[in-house]
Amino acid sequence: MISIPGELVITTRTGRYGNFNVAKLFTSIGEFSLKDNKLLDQYEAGKYEGSFVIKQIKSSSYSYGNRVVIECCAYIEDMDLVNSSKLDEADSEKIHVSEDPICQTESSEVQKVNTEHQHEETMATSGSGDAELFGILWPIGDQVKLDSTEDRLKIRSQKKRLIELGYHFDYKSQCWNKLPEQF
């Protein structure tokens with residue numbers, strides 16, 4: 001593992017299963033696409049500066065349209081973010097369109113995930129399934145940190161529900177905090 005300072009650029013894309021985030025990490029040793037980081041979907045599009053613990057660097061490929069894209073990927077163990085800023089047009093263009101990571105799974109897994117996603121969407125909109133949606137995190141207090149071992153769709157459903165319940169994501173602590181109610 002290596003700990004290195006850098007800048008993380010996150011953009012939001014829309015795919016078959018809703019919005020998802022893709023990211024590039026810019027460091028002194030190179031630029032890397034981030035793969036397999038479920039918690040990226042919690043962040044808003046933007047630029048984040050900090051220190052990143054990289055556990056693995058390797059190449060990855062995917063097909064897009066009539067081409068195959070091979071990219072250098074970093075797998076992040078941990079990150080300590082200290083600053084953020086809004087994304088501008090030039091930054092957004094640095095990140096090429098990538099397919100939703102959920103679509104990169106096997107077809108039987110995708111069908112299972114699709115069924116679970118529809119169930120979680122129903123629970124999240126009804127409000128009665130919060131205990132099932134959040135599992136061991138329920139009941140949630142004024143601050144909650146989502147479980148990174150859950151699948152991406154569940155984390156996306158939890159994020160959506162937390163926003164509906166008046167929570168805001170703090171990128172420094174990587175926790176969701178309840179906003180004070182406005183009267």
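**Figure 1. Glu31 and its salt-bridge partner Lys24.** In this predicted model, Glu31 has a relative accessibility of 44%, so it counts as partly exposed. Its side chain meets that of Lys24 in a salt bridge, with 3.7 Å from N to O. Lys24 sits on the other side of the 20% cut-off for burial: its relative accessible area is 10%, and therefore Lys24 is buried. This close-up thus pairs a partly exposed acid with a buried base.

**Figure 2. Arg156 and Asp41, a salt bridge between distant parts of the chain.** Here the closest N and O atoms of Arg156 and Asp41 are 2.9 Å apart. The two residues are 115 positions from each other in sequence: Arg156 belongs to helix 4 (residues 152-164), while Asp41 lies in the loop that runs between strand 3 (30-34) and strand 4 (46-64). Are the two partners, Arg156 and Asp41, buried or exposed? Both Arg156 and Asp41 are buried.

**Figure 3. Arg161 and Asp130, a salt bridge between two helices.** The side chains of Arg161 and Asp130 form a salt bridge at 2.8 Å, N to O. Arg161 is in helix 4 and Asp130 is in helix 3 (residues 130-134), so this pair ties together parts of the chain that are 31 residues apart in sequence. Like the partners in the previous view, Arg161 and Asp130 are buried. Elsewhere, Asp41, Arg152 and Arg156 are joined into one network by salt bridges that share partners. If you would like to look for the rest, a search of the whole structure finds 6 salt bridges.

**Figure 4. The largest pocket and its lining.** This pocket has a volume of about 400 Å³. Its lining is made by 17 residues, and those nearest its centre are Asn37, Leu39, Ile76, Glu77 and Ser148. Which element gives the largest share of the lining? Strand 5 (residues 67-85) does, with 5 residues. Sorted by class, the lining holds 7 charged, 6 nonpolar and 4 polar residues. For readers who like to picture the calculation, a probe the size of a water molecule, rolled over the atoms, shows where empty space is left.

**Figure 5. The surroundings of Asn177 in strand 8.** Asn177 is found in strand 8, which covers residues 175-178. Its relative accessible area of 22% is why Asn177 is classed as partly exposed; the cut-off for buried is under 20%. Which residues does Asn177 touch, once its neighbours within four places in sequence are set aside? The contacts are Asp142, Gln143, Gly166, Tyr167, His168 and Asp170. For a sense of distance, the C-alpha atoms of Asn177 and Ile163 are 10.0 Å from each other, with their positions 14 residues apart along the chain.

**Figure 6. The whole chain, as a frame for the close-ups.** The chain contains 8 strands and 4 helices, and their order along the sequence is β-β-β-β-β-α-α-α-β-α-β-β. Of its 183 residues, 41% are buried. Among contacts with a separation of 6 or more, 64% are between residues 24 or more positions apart. The chain exposes about 10,400 Å², and carbon and sulfur atoms supply 48% of that area.

Definitions and conventions:
Residues are numbered from 1 along each chain as its sequence is written. This is a predicted model: local features need pLDDT of at least 70, side-chain atom pairs count only at pLDDT 80 or more; totals for chains, interfaces and linings use all residues. Side-chain values use heavy atoms; hydrogens and water are left out. Buried means under 20% relative accessible area, exposed over 50%, partly exposed in between (1.4 Å probe, protein chains only). Contact means heavy atoms within 4.5 Å. Accessible areas come from the Shrake-Rupley method with a 1.4 Å probe; for residues, only the protein chains shown count as cover. On a 1 Å grid over the protein atoms alone, a cavity is a set of points where a 1.4 Å probe fits but cannot get out, and a pocket is an open set with protein on both sides within 12 Å along at least five of seven lines; lining residues have an atom within 4 Å of a point. Grid points are joined across faces, edges and corners, and a volume is the space filled by probe spheres set on the points. Ala, Val, Leu, Ile, Met, Phe, Trp, Tyr, Cys and Pro count as nonpolar, Asp, Glu, Lys and Arg as charged, and the others, Gly among them, as polar. A salt bridge is a side-chain nitrogen of Lys or Arg within 4 Å of a carboxyl oxygen of Asp or Glu.
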